[in-house]
Amino acid sequence: MQIENKQRSLTIDVEEYFQVEAFANDIDISEWDNYPSRIDFQISLLLDLLEEKKAKATFFILGIIAIKHPKLVQKIADYGHEIASHGFNHQHITKQNQKEFSSDINQAKDLLEHLTSNKVIGYRAPCFSITPENSWAHEEIQKAGYQYSSSTYPISHDLYGVPRAPRTPYYLSNGLLEIPISTVKFRDKILPAGGGGYFRLLPFFIFEKMLKSSEKQLNFVNFYTHPWEYDPQQPRIKSTLKSNFRHRINQHSALNKLEKLCTTFDFKTLANNHMNKPYPNLGEWKNIASGDF
Ligand SMILES: [Zn+2]
């Protein structure tokens, strides 16, 4: 049975299967045009499912996708979902300087706003790549005119994560709202509960249990996924066994799992769930990221 809406958000990072961070060492940005696009097909699968389940999602869309598929952006907006920004070129923040980052996130925002004639207020960093050292990142996000960011995963992981950052939403001193991805505390460990590869890897009932426990602990759900996770027909990338395993595991059963997840949780957008809420202001990112808040 579906329970009444609390603050349950479904978020979708819109990128192609060849643009993911796990393959960044195998495919240079200059080679992206050599790969066949799958995004129209993958998004239509997700839009149909969300429509059927009466769910609304936040789509964090890459600028480089929006420029090649403007009608797709308009279609997602027409279905009543939130259009948000995943930056322009999907480059890890640690690979950009402050100026490059500023230009990337401004360009994406301008383009998405132009395509939808609507304000874009949400941003998600590629691969949750804001680290304790990127003290300028949140400044630039706020300066660009975004009102919230959902760019931190407070866990330990080899590719991302700020393990000492807060697990619930909070304001930074500059007024930007940060909405972390869902985690669950089990004994004294903080575990990922917000989606990605774990969602495909774990049996559904275990993942569902973790996300329900997370909601009990934190009073909100911030689940994330990607369109390429639902498309076993996509071309295989020449990469390491580990990257391919992570990327391809259980793609064939993922749509069915997402359908079940939308039955358990009545998903709304991040903007709908979190704007104008009395979250605490925790100060400067440098201190927040090191657990000093
Ligand atoms: Zn991404």
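In this predicted model, the buried residues of helix 7 are Phe207, Met210, Leu211, Ser214, Glu215 and Leu218. Seen down the axis of helix 7, these buried residues fall within an arc of 140°, so they line one face of the helix. The general geometry of helices helps here: an α-helix has 3.6 residues a turn, so residues three or four places apart point the same way.

The face of helix 7 turned away from the buried side carries exposed residues, namely Phe205, Ile206 and Lys216. On the buried side, the covering elements include strand 8 (183-186), helix 6 (197-201) and strand 10 (221-225). Just after helix 7 comes Asn219, whose phi is positive, at about 70°.

**Helix 4**

A similar description can be given for helix 4. Its buried residues are Phe101, Asp104, Ile105, Ala108, Lys109, Leu111, Leu112 and Leu115. Around the axis these residues cover an arc of only 165°, which puts them on the same side of helix 4. They pack against several helices, which are helix 2 (63-68), helix 3 (70-78) and helix 5 (137-143). The strands against which they pack are strand 2 (57-61), strand 3 (82-85) and strand 4 (122-123). Ser117, just after helix 4, takes a positive phi of about 50°.

**Lengths of the two helices**

The expected span of each helix, at 1.5 Å a residue, can be set beside the distance between its end C-alpha atoms.

| Helix | Residues | Expected span | Distance between end C-alpha atoms |
|---|---|---|---|
| Helix 4 | 98-116 (19 residues) | 27 Å | 27 Å |
| Helix 7 | 204-218 (15 residues) | 21 Å | 21 Å |

For helix 4 the expected span and the distance agree, and for helix 7 they agree as well.

**The chain as a whole**

The secondary structure of the protein chain comes to eleven helices and ten strands. The radius of gyration of the chain is 18 Å, close to the 19 Å that the globule rule gives for 293 residues, so the chain is as compact as a globular protein of that length. Taken along the principal axes, the C-alpha atoms fill a box of roughly 45 × 45 × 40 Å.

How much of the protein chain do buried residues make up? They account for 45% of the 293 residues. Contacts may also be sorted by separation along the sequence. Of the contacts in the protein chain with a separation of 6 or more, 78% are between residues 24 or more positions apart.

Conventions
Residues numbered from 1 in each chain as written. Predicted model: local features only at pLDDT ≥ 70, side-chain atom pairs only at ≥ 80, totals over all residues. Helix = DSSP H or I, 4+ residues; strand = E, 2+ residues; numbered from the N terminus. Expected span 1.5 Å × (residues − 1). Buried ≥ 20, exposed ≤ 12 C-beta atoms within 10 Å, placed from the backbone. Arc of directions from axis to C-beta. Contact = placed C-beta atoms within 7 Å. Rg over C-alpha atoms; globule rule 2.2 N^0.38 Å.
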